Amino acid sequence: MKYLHTMIRVRDLDESLDFFVNKLGLVEHHRKEVPAGRFTLVFLHAPGDESAMVELTFNWDETEGYSEGRNFGHLAYSVANIYALCQQLMDQGVVINRPPRDGRMAFIRSPDNISIELLQQGEALPLQEPWQSMENQGKW
């Protein structure tokens with residue numbers, strides 16, 4: 001058995017791709033348009049790692065959106081420098097729901113409220129401001 005991907009439904013494909021590709025840094029692997037079923041599938045992966053993918057499912061006729069993704073759980077990615085990535089995300093307008101106060105873990109949310117856990121690769125980084133004093137924002 002081999003893990004293939006995690007599927008999440010998205011309300012706005014362009015907004016979701018902007019978040020996952022332009023802000024979080026994932027890479028589009030491939031996409032599939034299914035006119036008969038009126039949906040688009042877009043498969044993304046972390047740079048250099050095609051072994052685990054996220055499948056964004058966009059149903060063309062969905063107008064209401066989906067219930068908050070918190071019941072889904074979360075996606076998790078290891079990152080080279082959690083402080084640098086969180087700063088880059090904040091500079092692009094992404095809310096850091098759970099800042100990396102411990103130098104190891106942070107949470108953000110996608111435009112469809114999917115929780116995304118960011119984990120520092122290796123050992124936690126030394127505690128650092130402003131992260132150490134930053135409060136949680138919203139749910140994560």
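**Figure 1. The whole protein, inside and out.** Of the 140 residues in this protein, 40% count as buried. Keep in mind that you're looking at a predicted model. The surface that the protein exposes comes to about 7800 Å², and carbon and sulfur atoms supply 51% of that. As for charges, there are 13 positive and 20 negative ones, and the mean positions of the two groups sit 4 Å apart.

**Figure 2. The fold, piece by piece.** How many helices and strands can you find in the protein? There are two helices and eight strands. Walk along the sequence and you'll meet them in the pattern β-α-β-β-β-β-α-β-β-β. The C-alpha trace spans about 55 × 35 × 25 Å along its principal axes. A compact globule of 140 residues would have a radius of gyration near 14 Å, and the 16 Å found for this protein agrees with that. Take the contacts with a separation of 6 or more: 58% of them come from residues 24 or more positions apart.

**Figure 3. Helix 1 and its two ends.** Helix 1 covers residues 13-23, and its buried residues are L13, S16, L17, F19, F20 and K23. Here's a handy thing to know about spacing: an α-helix has 3.6 residues a turn, so residues three or four places apart point the same way. At the start of helix 1, have a look at D12: one of its side-chain oxygens comes to within 3.1 Å of the backbone nitrogen of D14. Just after the helix you'll run into G25, which takes a positive phi of about 95 degrees.

**Figure 4. A close look at T57.** You'll find T57 in strand 4, which runs over residues 49-59. Is T57 buried or exposed? T57 has a relative accessible area of 8%, and because buried means under 20%, T57 counts as buried. Its side chain makes a polar contact of 2.9 Å with the side chain of E55. Leaving aside residues up to four places away in sequence, T57 touches M7, I8, R9, V10, T40 and L41.

**Figure 5. S115 and a partner from elsewhere in the chain.** S115 belongs to strand 8, made up of residues 115-120. Its relative accessible area is 0%, so S115 is buried. Which C-alpha atom is 8.7 Å from that of S115? That would be the one of A76, a residue 39 places away from S115 along the chain.

Key: Residues numbered from 1 in each chain as written. Predicted model: local features only at pLDDT ≥ 70, side-chain atom pairs only at ≥ 80, totals over all residues. Heavy atoms only, no water. Helix = DSSP H or I, 4+ residues; strand = E, 2+ residues; numbered from the N terminus. Buried < 20%, exposed > 50% of the residue type's maximum accessible area, 1.4 Å probe, protein only. Polar contact = N/O pair within 3.5 Å; in protein donor to acceptor, adjacent residues only side chain to side chain. Contact = heavy atoms within 4.5 Å. Rg over C-alpha atoms; globule rule 2.2 N^0.38 Å. Areas by Shrake-Rupley, 256 points an atom, 1.4 Å probe, with all protein chains shown as cover. Lys, Arg positive; Asp, Glu negative; His and termini not counted. Charge placed at Lys NZ, Arg CZ, Asp CG, Glu CD.
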